[in-house]
Amino acid sequence: MSIQTSKIKLSAVEKHFTSARGERQVAVSPLDLEIQSGEFVCLVGPSGCGKTTLINLMAGFEQPSAGSVTIDGRPVSGPDPDHIMIFQDYGLYPWRTVLGNVLFGLQAKGIPAGEARDRALATLELVGLRHAIDKHPHELSGGMKQRVAIARALAVEPSVLFMDEPFAALDAFTRYHLQDELLRLWQETRPTVVFVTHDLDEAIALGQRIVLMAPNPGRIQRVLEVSLPHPRERTRDDFAFFRRELFTEFHLVHQMALQEAEYSI
Ligand SMILES: Nc1ncnc2c1ncn2[C@@H]1O[C@H](COP(=O)(O)OP(=O)(O)O)[C@@H](O)[C@H]1O
Ligand SMILES: [Mg+2]
């Protein structure tokens, strides 16, 4: 029998910000969450409910105001090259070629030039960009840029991939395509993935678990387990079942957010 160990553990995590006017803003209220090694977890919720704050706490870009965030049992004290973040705006270096962008992380890790090049080329092959290695980011479509960002992240074989609305700026077809591609890569290399989205269908297509958050203060409303094998067929009844579950819950969250907004106007 294998004992599952949690990869990421949040215990009573809180995050407050102080606004320019000196008002205290509770972005995340005491919150507990455990993510298993190799798991694919989606964080969903309306704008402002603390998704980015939460993923930044896990990735080490923010420190909690209270509580603890650990990965592999160690407190997260800052960004770690083994835990890579992929952003919506790709974060590519415009002056580097596609290959140069993917090589960057490998060189930063001190991997010898020949091996780095082999690994970069192999990863670019995986994301279907072997033909575009000499192009610069401005010559690429949004979908291709995000593929480069994914290749750059995966090339260093991270144990955790954090993704904050990575496909939000892409058109629907490119988004479906990259969702399928990401799933294939995740199944091949099996990192732990924490994926933020406000697209409920995207969360159901991808996540083994969906953490639905509610705003004011940012908290977990419900955790939904999606017990469907990947790849998931969006037109099937079982997909529709999870869709109904999540949308029903989401409407509750949305109603609460609207009521709170009315009170605060
Ligand atoms: N650096 C910051 N300074 C002040 N307030 C912040 C900061 N970052 C986030 N917040 C506030 O925390 C709340 C959660 O924000 P965020 O995590 O960005 O939400 P989401 O990603 O779900 O849209 C919001 O009310 C936002 O205004
Ligand atoms: Mg956000």
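This passage looks at a sheet, the helices lying across it and the surroundings of ligand 1 in a predicted model.

The sheet is an open one, built from six strands in the order 6-7-8-3-9-10, with mixed pairing. Its edges are strand 6 (83-86) and strand 10 (219-225), each of which has a partner on one side only. Going from one strand to the next, the twist averages 15°. At the strand 6 edge, four bridges make the link to strand 7 (residues 160-164), and the two strands run parallel. Here histidine 83 sits opposite valine 160 of strand 7.

Two helices come into the picture next. Helix 4 (residues 142-155) lies across strand 6 and strand 7, at about 175° to strand 6. Helix 1 (residues 51-59) lies across strand 3 (40-44), strand 6, strand 7, strand 8 (192-197) and strand 9 (209-214), and it runs at about 155° to strand 7.

Helix 1 also turns up at ligand 1, where it gives the most to the shell, with three residues. The residues around the ligand are Phe17, Gln25, Ala27, Pro46, Ser47, Gly48, Cys49, Gly50, Lys51, Thr52 and Thr53. Sorted by class, that makes four nonpolar, six polar and one charged. Three side chains place an N or O atom a short way from a ligand oxygen: glutamine 25 at 2.9 Å, lysine 51 at 2.9 Å and threonine 53 at 2.5 Å. On its own, ligand 1 has 550 Å² of accessible area, and the protein covers 64% of that. Strand 2 (24-36) and helix 1 are the elements that give two or more residues to the shell.

Key
Residues numbered from 1 in each chain as written. Chains lettered and ligands numbered in written order. Predicted model: local features only at pLDDT ≥ 70, side-chain atom pairs only at ≥ 80, totals over all residues. Heavy atoms only, no water. Pairing = 2+ DSSP bridges. Axes fitted to C-alpha atoms, helices over the stretch in contact; angles between N-to-C directions. Contact = heavy atoms within 4.5 Å. Near = heavy atom within 4 Å. Polar contact = N/O pair within 3.5 Å; in protein donor to acceptor, adjacent residues only side chain to side chain. Areas by Shrake-Rupley, 256 points an atom, 1.4 Å probe, with all protein chains shown as cover. Nonpolar A, V, L, I, M, F, W, Y, C, P; charged D, E, K, R; others polar.
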